[in-house]
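Let's walk through a structure together, asking what earns each feature its label. Have a look first, and then we'll begin.

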Amino acid sequence: MTIRWGLIGVGDIANKRVAAAIQADPLSDLVAVCRRSEAQLHDFADQFSVPGRFTNADDLLAIEDLDAVYIATPVDCHLPQTIAAAAAGKHVLVEKPMALDPDQCDQMIAACDQANVQLGVAYYRRFYPVVQRIKQLLDAGKLGRILSIACVTGNPNRFPADDWRVICARGGGGPLMDIGSHRIDVFLQLMGDIDAVQSSMMDAPDFEAEQVATVMLGFQNGAHGVLQCFFGTINSPDRLEIIGTDGRITVEDLNQGDLTLFTADGVTVESHPPASNLHRPLIEEFSQAVSENRSPAISGRTGRKTNEIMQRAYEHDRSRRAGA
Ligand SMILES: NC(=O)C1=CN([C@@H]2O[C@H](COP(=O)(O)OP(=O)(O)OC[C@H]3O[C@@H](n4cnc5c(N)ncnc54)[C@H](OP(=O)(O)O)[C@@H]3O)[C@@H](O)[C@H]2O)C=CC1
Ligand SMILES: O=C1CO[C@H](CO)[C@@H](O)[C@@H]1O
């Protein structure tokens, strides 16, 4: 079986990784692409030799023998485009964060359930070998009782005030939605569900969304979590640390995959680099799920959990500021 894909939104991430990942997957074929700017649409389609070209997503969705769509548009487009794709009978793999808020996630899940199509979310870090290795070490009890997980991360871009990533109605928020979402998803994968959420956001001087988000989490397993994310920082880190009663794991840069394990036996350094195209394992697993008529590993219900934590973080900050 070949999964015939349409790609809605062919901007930065589609160009960097998504189109190439679909084209590299033996189960997949990229047959159509869509963006509103016609000139840029043709540039992209020429670059990747894609025959189907559309400036309107509904026209792409009207292709009868299209099986699935990858939605790589700004976050405010994810809900209407997912609902339209489901109504057209297409499976949906949507970029992160899944939607602006958990209520939108619920509508997306319901639309896909009703249409009997699969819904996946692009939290590709779940497939990083280093993340899977950490999970193995935690499950094997190497760190003893887990006390905390912490991540500090930043994006060096200085987004202008009219960029969708810093307009709340378009991106849902700032660095928490954009880059924090990936890390919350990894926290959930490694530590399980979260009960408590507290936060503090720092305003940006020149755009609407927050510039810094600091989120404190309480996991159901009793451990604590801290996530701090920034926009506009040079030499931006992507650091993860997990502390247990019997050991500690640090990863200086998750995208590199070098892990250091400290236990009473000494210090061990391991290297678990990710795939050269980070989206490839995600696409492969989703195509496999569609061909086997099963839910993908990172389903809409999984993606919704991260949206719920982020919403609680924004709400906590708002009520803290209001003195409630
Ligand atoms: N997983 C990851 O590591 C990454 C994920 N992302 C996520 O991917 C998504 C896209 O991000 P990114 O590629 O950086 O964004 P860009 O702004 O670079 O690209 C967005 C694309 O969507 C198109 N678009 C916007 N509105 C519509 C519409 N109504 N119908 C069809 N196309 C539309 C734009 O073209 P036009 O304006 O011409 O329509 C453009 O091609 C976001 O959800 C983001 O969070 C982004 C980067 C990395
Ligand atoms: O991981 C990522 C790299 O940076 C992009 C821009 O901030 C994010 O959207 C993306 O999720």
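**Strands, sheets and what surrounds the ligands**

Q: What is the bridge partner of Ile194 in β9?
A: In β9, Ile194 has Phe219 as its bridge partner. Before we go on, note that this is a predicted model, in which local features need pLDDT of at least 70 and side-chain atom pairs need pLDDT 80 or more, while totals for chains, interfaces and linings use all residues. Residues are numbered from 1 along each chain as its sequence is written, chains are lettered from A and ligands numbered from 1 in the order in which they are written, and side-chain values use heavy atoms, without hydrogens or water.

Q: Why are β8 and β9 said to pair?
A: Two strands pair if DSSP finds at least two bridges between them. Nine bridges join β8 (residues 194-203) to β9 (residues 210-219), so the requirement is met. The two strands run antiparallel, and Met202 stands opposite Val212 in β9. Together β8 and β9 form a hairpin, with six residues between them.

Q: What makes a stretch count as a helix or a strand, and how many of each does the chain have?
A: Both are DSSP runs numbered from the N terminus: a helix is H or I over at least four residues, and a strand is E over at least two. By that count the chain has ten helices and 14 strands.

Q: Why is the chain called as compact as a globular protein of its length?
A: The globule rule is 2.2 Å times the number of residues to the power 0.38, and the radius of gyration is taken over C-alpha atoms. For 324 residues the rule gives 20 Å, and the radius of gyration of the chain is 20 Å, so the chain is as compact as a globular protein of that length. Its C-alpha trace spans about 60 × 45 × 40 Å along the principal axes.

Q: What makes β3 and β6 edge strands?
A: Six strands form an open sheet with parallel pairing, in the order β3-β2-β1-β4-β5-β6. Within it, β3 (52-54) and β6 (119-121) each pair on one side only, and that earns them the name. The twist from one strand to the next averages 25 degrees (an angle between lines fitted to C-alpha atoms, running from 0 to 180 degrees between N-to-C directions). Inside this sheet, β1 (residues 3-8) and β4 (residues 68-71) pair in the parallel sense over four bridges, and Ile71 in β4 is the bridge partner of Ile8.

Q: Why is one side of β8 and of β14 left without a neighbour in the sheet?
A: Their sheet is open, holds eight strands in the order β8-β9-β10-β7-β11-β12-β13-β14, and has mixed pairing. β8 and β14 (266-271) stand at its edges with a single partner strand each, so one side of each has no neighbour there. Here the twist averages 10 degrees from one strand to the next.

Q: How do you know that Lys96 makes a polar contact with ligand 2?
A: A polar contact is a pair of N or O atoms within 3.5 Å (within protein, one must be able to donate a hydrogen and the other to accept it, and residues adjacent in sequence count only if both atoms are side-chain atoms). A polar side-chain atom of Lys96 lies 2.7 Å from an oxygen atom of ligand 2, so the pair qualifies. Side-chain N or O atoms of Asn155, at 2.3 Å, and of His182, at 3.0 Å, also face an oxygen atom of this ligand. The protein covers 72% of the 290 Å² of accessible area that ligand 2 has on its own (Shrake-Rupley method, 1.4 Å probe; for residues, only the protein chains shown count as cover).

Q: Which residues come nearest to ligand 1?
A: A residue is near a molecule or strand if one of its heavy atoms lies within 4 Å of it. Of the 24 residues around ligand 1, Arg35, Arg36, Ser37, Lys96 and Tyr124 come nearest. A polar side-chain atom of Arg35 is 2.8 Å from an oxygen atom of ligand 1, and a backbone N or O atom of Ser37 is 2.9 Å from one. Taken alone, ligand 1 exposes 900 Å², of which the protein buries 85%. The helix α1 gives the most to this shell, with three residues.

Q: What makes Pro97 and Ser49 stand out?
A: Most residues other than glycine have a negative phi, and most peptide bonds are trans. The bond from Lys96 to Pro97 is cis, with omega near -20 degrees, and Pro97 is in the loop between β5 (91-94) and α5 (102-115). Ser49 is not a glycine, yet its phi is positive, about 50 degrees; Ser49 is in the loop between α2 (38-47) and β3.
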